[in-house]
Amino acid sequence: STFGSGNVYFNNSFTLSGGTFNAPQGVAYFYNNFIQSAGIFNHNSGTVEFNASSFTLDVPSSINFYNFRLNKSSDSYYLYLKAGDIINVEGVTTIVRGILAGYDSTAPTVNLKGDLIMSGGYITIYSSYPLLKFSGTNNQYVNLNTVTGNIDSPITIEKSSGSVILSSNLIMDNTKNLTLTAGTLDLADKSLTVNGTGATFTVADEAKLRLMGSGTYTFNSGYPQFTNNSTLEYYQTNTGTYNMLSVSNVGNLIINGIEGSIFRASTSSLVVNGYLNINEHGTLFANSKDIILASSTRFFNEGNLQLVGDENLNLENDLDSGTVTYVGNGDSATTTFESLFTNYFNLKVNFIDSGDILNIPLVSSSTLDEGLIAHWEMDEGTGTTISDSSGNGNAGTISGASWSTGQDGTAALSFD
């Protein structure tokens, strides 16, 4: 059968047992069972819409639709998916009303390669929960509008490229798991809940979780779990301070942002098993929390590492770029902090309490002498010339300063 660019309506059961069915480029409306036992269903870049009351969608093993729409007469009616069937949707999946559910004990799979839009309805259980899988190669957007808690099925993200991006909050408060096998889940500024009894949230090697830190994140204790080669990335387009996830182990950690956006550590100790990157304009505030790198040399700082000064760090500081800023603990008392690094590229001391002190260890004289041009001790006490102790003959001339007595009682220069 072949249809053109218009619409077609199937009021009784649709059965495909052989040959090729060329769907319309418009909309094919189904009001009763959709049964394919053999043959080829050619979606023709059109839309299939399942309406009316409860009935079954049964295919030999898998079927390819372009746009898929569930629009039952009410949310009490089911579209039953049969055991182990795979429903591939290459375009947009839209659920307006009704329940998408597994009919048998063996769960079916709904494999989405485009966006998911829900304004009503449910993806949930009848005899089994369908597995909701995102596998498209482009960015895929998830917009649940006001029905943010109506997906009661496990979700797997397995993408070779592109991201799954939340355009709304997502609440998975049942026992179902969220699994990032490959590709990226971008929470943007939305909230995510995965806290049903025994529910897990895992990020596998080569997969990435991105978030802006401005949402609310609710997970069971110990989750999300990151493997050693997975990535957690924070990013922002607004200024402010944002709390990081309460996780103790990550694979790779990336801090992005704009000037004035700060990501604040939340757990007492964070172990980074891969690399730690603070990109330009990004700020990671350790917040008196320990940061441990499995390989201490894999710290790359093009932005700002902000410290209270009492943290335990095993980082080898990036001496090619970046800033380390000490801010203290703001306890209104005078506190002395010890420098956590010997060497710095940029060092900034900006204590909240003006009386706080940072002790920086002296560098050996052999290091100071290397490439030395001049050494002025400024202890002559009289005259307008200061001598060069380096032996290079680069004496200085005093201008805008006068001789006085220093803290140790010896001669010193006083600058206006």
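A residue counts as buried under 20% relative accessible area, as exposed over 50%, and as partly exposed in between. Val349, with a relative accessible area of 44%, is therefore partly exposed. Keep that scale in mind for this briefing on a predicted model. Two open parallel sheets, one with E2 at an edge and one ending in E39, give us our route, with a cluster of Phe rings along the way.

**The sheet from E2 to E15**

- Here six strands make an open sheet, paired in parallel, and their order is E2-E4-E6-E9-E12-E15.
- E2 and strand E15 (122-125) are the edge strands; each has a single partner strand, so one side of each is left without a neighbour in the sheet.
- From one strand to the next, the twist averages 25°.
- Seven bridges hold E2 and strand E4 (residues 34-42) together in the parallel sense.
- Look for Thr20 and you will find Ile40 as its bridge partner in E4.

**Aromatic rings**

- Across the whole structure, a search turns up 29 aromatic pairs.
- One of them is the edge-to-face pair of Phe14 and Phe30, with 5.4 Å centre to centre and 75° between the planes.
- This pair connects distant parts of the chain, since Phe14 sits in strand E2 (residues 14-22) and Phe30 in strand E3 (residues 27-30), 16 residues apart.
- Phe14 and Phe30 are both buried.
- Phe30 also pairs edge-to-face with Phe34, at 5.1 Å centre to centre and 70° between the planes.
- Phe30 has 0% relative accessibility, so it counts as buried, and Phe34 counts as buried because its relative accessibility is 0% as well.
- Ring pairs tie these residues into a wider cluster of Phe10, Phe14, Phe21, Phe30, Phe34, Phe41, Phe50, Phe55, Phe65 and Phe68.

**The sheet from E27 to E39**

- This open sheet is also built from six strands in parallel pairing, running E27-E30-E33-E36-E37-E39.
- Strand E27 (240-243) and strand E39 (346-349) stand at its edges, each with a single partner strand, so one side of each has no neighbour in the sheet.
- The average twist from one strand to the next is 25°.
- Within the sheet, strand E30 (residues 261-264) and strand E33 (residues 283-285) run parallel and are joined by two bridges.
- Arg264 has Phe285 of E33 as its bridge partner.

**The E31 and E34 pair**

- Strand E31 (residues 269-272) pairs with E34 in the parallel sense, over four bridges.
- Val272 finds its bridge partner in E34, at Leu293.
- In a regular strand, side chains alternate between the two faces of the sheet.
- Strand E34 (residues 290-293) has Ile291 and Leu293 on a covered face, while Asp290 and Ile292 make up the uncovered one.

**A nonpolar surface patch**

- Leu347, Val349 and Ile360 make a nonpolar surface patch of about 230 Å².
- Val349 belongs to strand E39, which is an edge strand of its sheet.
- Patch residues need over 30% relative accessible area, and Val349 is at 44%.

Conventions:
Residues numbered from 1 in each chain as written. Predicted model: local features only at pLDDT ≥ 70, side-chain atom pairs only at ≥ 80, totals over all residues. Heavy atoms only, no water. Pairing = 2+ DSSP bridges. Axes fitted to C-alpha atoms, helices over the stretch in contact; angles between N-to-C directions. Buried < 20%, exposed > 50% of the residue type's maximum accessible area, 1.4 Å probe, protein only. Patch = residues over 30% accessible without salt bridge, like charges linked within 9 Å, V, L, I, M, F, W, Y side chains within 5 Å. Areas by Shrake-Rupley, 256 points an atom, 1.4 Å probe, with all protein chains shown as cover. Salt bridge = Lys/Arg side-chain N within 4 Å of Asp/Glu carboxyl O. Phe/Tyr/Trp six-rings, centres within 6.5 Å; stacked < 30°, edge-to-face > 60°.
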